[in-house]
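Q: Please take a close look at one part of this model and work outwards from there. I would like to see how its surroundings are put together, in plain terms.

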Amino acid sequence: MKIKTKTAHFSSPLYLESGRILEPYEIAYETYGELNEDKSNAVLICHALSGSHHAAGVYEGEQKAGWWDGLIGEGKAIDTSKYFVICTNVVGSCFGSTGPMSENYPSEELYRLRFPVITVKDMIRAQMQLLSSLGIYHLRAIVGGSMGGMQALQFAVDYPNLADDIISLAATYATRPWTIAFNKVAVEAIRRDPRFEHGNYAKDAFKEEGLDGLAVGRIAGHISYLAPGSMDDKFGRNYVSNDGLFELFGRYEVERYMEYNTNNFSRIFDPLSYLYIVKAINTFNLSRGYDSLHDAISRIKANVHLISFSSDYLFFPSEMEHIAKMMNRNGQPYTYLEVQSDYGHDAFLVELHKFEENIKEVLQ
């Protein structure tokens, strides 16, 4: 599968939900497959908090595949021999699109905390500009999980005629206090780390050692992505063999796993971007800008396919089911699947075999 990685530059203003303007700005994106002559086979993939535009395939000289590689590719559920697949890096992120560590034009100073607050609505407006620049005005489908699922739903509400099908996994209609509270741990851990320097740290300052505050905050986030059953199965009560049981800082295997994964994460993800994207997740509410959630949902014209996961403790299945029930009452076309899983919120990245046939059927 041929991967094309590009960066689109926009000089026209992006009008944000806050009333501020982002100008100019850039969007990093990847494409897989070929766009057909009438441009009717485009599928947009939306990523989650820590994701990027690298959704599938392997870069030359690297071994790690894109975050949804099991789902996207030739002969896979999202078949790149049939579809032209696009995945963008959202504005505010740190993998190539304009974010808080970008230069604040026309000066060469970095935005840092002067970067405007970005919402999910803003993310999809930027993606609409990219699609327009590619000459794509209609999509076969929009697919995303977690924050990507939020984007897919927001597209369905704000741009009712854009896509034939919307596939939203492990998402919600509005972020609830439970999830905002988990996110607060990460926000405060980052802000209170002295090396964060109130956002005035040097660019790439944490590439070698990471930021402890981000690593600690990510532990809270990581716990919310998992489920007790999967953690029991993976770690049990196993103790690190060379750590003493009666040493104060001796570790269980689950503790070592959290340390390793979150320390690595803090080396590759910019802490300011983390704060801005968490803010976007916290402020997500499909009904904002409309009279009610019912009013927002009633705007949808696409076929909506909602997939939740039974052990998801970040966005509970009942939240997706609430959307399904509302669409059912409205007589709008939808499907709803609750996948039985012990993997928690991360099941949309891990247990692809449990829903890939559903996605394949939708696209066929």
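A: A residue counts as buried when its relative accessible area is under 20%. The model is predicted, and the part to look at is serine 341, which lies in the loop between β12 (334-339) and α10 (347-350). Serine 341 has a relative accessibility of 4%, so this residue counts as buried. A polar atom of its side chain lies 3.0 Å from the backbone nitrogen of tyrosine 343. Leaving aside neighbours within four places in sequence, serine 341 is in contact with Phe309, Ser310, Ser311, Ala347, Glu351 and Lys354.

The strand before this loop, β12, belongs to a sheet. It is an open sheet of eight strands in the order β1-β4-β8-β5-β9-β10-β11-β12, and its pairing is mixed. The edge strands are β1 and β12, each of which pairs on one side only. On average, neighbouring strands of this sheet are turned by 20° against each other, direction ignored.

Take the other edge next. Strand β1 (residues 3-10) is joined to β4 by eight bridges, and the two run antiparallel. Within this pair, threonine 5 stands opposite glutamate 30 in β4. Strand β4 (residues 25-32) is mostly covered, with seven of its eight residues buried. Four bridges join β4 to strand β8 (residues 84-88), again in antiparallel fashion. Here tyrosine 29 has threonine 88 in β8 as its bridge partner.

Further along the order, the pairing changes direction. Six bridges join β9 to β10, and these strands run parallel. Glycine 145 has leucine 169 in β10 as its bridge partner. Helix α1 (residues 120-133) packs on the sheet and touches β1, β4, β5 (42-46), β8 and β9. The direction of α1 makes about 60° with that of β4.

Another helix, α11 (residues 356-363), also has buried residues, namely Ile359, Val362 and Leu363. They cover an arc of only 95° around the axis, which means that they are on the same side of α11. A general rule about helices helps here: an α-helix has 3.6 residues a turn, so residues three or four places apart point the same way. The buried residues of α11 pack against β7 (78-79), β9 (139-145), β10 (163-169) and β11 (303-309).

Next come the nonpolar cores. The largest nonpolar core has 78 residues, and those touching the most other members are Tyr25, Leu139, Ile142, Phe155, Ile166, Tyr274 and Ile297. Helix α7 (residues 271-282) gives the most to this core, with eight residues. Apart from it lies another core, of 29 residues, among them Cys87, Ala170, Phe309 and Phe348. Phe309 was named above as one of the contacts of serine 341.

Tyrosine 25, from the largest core, can be looked at in the same way as the serine. Leaving aside neighbours within four places in sequence, its contacts include Ala8, His9, Phe10, Val91 and Ala126.

A last residue to compare is leucine 293, which lies in helix α8 (residues 293-298). Leucine 293 is buried because its relative accessible area is 15%, a value under the 20% limit. Beyond neighbours within four places in sequence, leucine 293 is in contact with Tyr173, Leu286, Ser287, His322 and Met326.

Technical notes. Residues are numbered from 1 along each chain as its sequence is written. This is a predicted model: local features need pLDDT of at least 70, side-chain atom pairs count only at pLDDT 80 or more; totals for chains, interfaces and linings use all residues. Side-chain values use heavy atoms; hydrogens and water are left out. Buried means under 20% relative accessible area, exposed over 50%, partly exposed in between (1.4 Å probe, protein chains only). A polar contact is a pair of N or O atoms within 3.5 Å; within protein, one must be able to donate a hydrogen and the other to accept it, and residues adjacent in sequence count only if both atoms are side-chain atoms. Contact means heavy atoms within 4.5 Å. Two strands pair if DSSP finds at least two bridges between them. The arc is that of the directions from the helix axis to the C-beta atoms. A nonpolar core is a set of buried Ala, Val, Leu, Ile, Met, Phe, Trp, Tyr and Cys residues joined through side-chain atoms within 4.5 Å. Axes are lines fitted to C-alpha atoms, for helices over the stretch in contact, and angles run from 0 to 180 degrees between N-to-C directions.
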